[in-house]
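Please look over the fold of the protein chain shown here, beginning with its contacts and moving on to its sheet and helices.

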Amino acid sequence: MTLRFDNRVVVVTGAGAGLGKQYAILFGSRGAKVVVNDLGGHWNGEGKSTNAADIVVDEIKQAGGTAVADYNSVVDGNKIIETAIKNFGRIDVLVNNAGILRDKSIVNISDDDWDKIQDVHLKGSFATTRAAWPYFKKQKFGRIIMTTSTSGLYGNFGQANYSAAKLGLVGLMNTVSIEGAKYDIRCNTICPTAASRMTKGILPDEVFDEMKPELIAPVVVYLCHEDTQETGQIIESSCGYATKYHYVRGPGSLIRDSINEVPTPEAVRAKWSKITDMSKAKHYDSNVEVSAEYIGVLQKLKNPSENNEFEDVYNYNF
Ligand code: NAI
């Protein structure tokens, strides 16, 4: 069955160019009423214009879709959500995509370079999400996308401000997906790599033209459909390829022999290879599972000879 968005209202931030434009066009072609938000400034965050959003709205309308432009900065996220409510009376999907770059090595990052990056990426996504939340909660439905980057997940020279903001968005998703679960508010994170004005000169020339942003749009659109139950996930996508990314945690090691002892730095050194052994690493779905392990650690220290249920359940390796 075709995935449709009839009667759904979708807000895409930074939809005047690059990835956001392709998301907005695909949502529009699937029946959604689209709020095309874009400040229309330079990739470094300076300036603004109405052009970028207007062009995309025209394109959606010419293809028979429904769209309205919004020129606010994501920092004023509540105004963008107001545009959706004022024009269409509801909001169902929020794609936090707007972004800028201020690449510099750590010592050259000014306070302004730091603040602008955190404001647009992290605070902007928070501001729109907080403003949309009461509508999602009341209607017991909402789909949210955060946008991270390989620079956040893996790091990248010259992008400390951007990396910090982009990984911050994963943290934002982690908690938002927990808080939204009982209201069918699902939140996932896309990690795209695509040709855009932001990546021109960064992505290798020989692959730039092939890395089309429209190859990623179907992943975002799928994640936002009402039938998609996925939440709290990071999906990397590029070149017509998609994969899930997640953290794993090793089984670790005790660094003291009894409950009355305090570990020493030497004990940490002695156990370092075991502390950092990832051969039996696994993914944890919640911090409840991790807390249960800590209880297992304390039980083991208090009663070293007793059979410890956590050892079996969590594949412990004391
Ligand atoms: P782009 O520069 O083509 O598009 C970003 C859009 O956001 C622009 O149209 C810009 O005007 C808009 N924007 C910037 N600040 C805004 C603000 N304060 N309020 C509203 N709109 C604003 O860049 P691209 O490549 O399409 O990036 C989209 C998102 O994907 C960004 O969050 C970026 O960090 C992320 N990303 C992109 C990657 C890529 O390979 N293109 C890689 C990893 C992440």
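In the protein chain, 65% of the contacts with a separation of 6 or more join residues 24 or more positions apart, a contact being two residues whose C-beta atoms, placed from the backbone, lie within 7 Å. This is a predicted model, in which local features need pLDDT of at least 70, side-chain atom pairs count only at pLDDT 80 or more, and totals for chains, interfaces and linings use all residues. Residues are numbered from 1 along each chain as its sequence is written.

The chain has 11 helices and 8 strands, taken as DSSP runs numbered from the N terminus (helices H or I, at least four residues; strands E, at least two). An open sheet of 8 strands follows the order 3-2-1-4-5-6-7-8 with mixed pairing, where two strands pair if DSSP finds at least two bridges between them. Strand 3 (66-70) and strand 8 (241-245) each have a single partner strand at the edges, so one side of each is left without a neighbour in the sheet. Strand 5 (residues 142-147) pairs with strand 6 (residues 185-192) in the parallel sense over 6 bridges, and Gly 142 stands opposite Ile 185 in strand 6.

Two helices lie across strands of the chain, with angles that run from 0 to 180 degrees between N-to-C directions, the axes being lines fitted to C-alpha atoms, for helices over the stretch in contact.

| Helix | Strands crossed | Angle |
|---|---|---|
| Helix 1 (residues 18-29) | strand 1 (9-12), strand 2 (33-37), strand 3, strand 4 (93-95), strand 6 | about 170 degrees to strand 1 |
| Helix 6 (residues 160-180) | strand 5, strand 6, strand 7 (234-238) | about 160 degrees to strand 6 |
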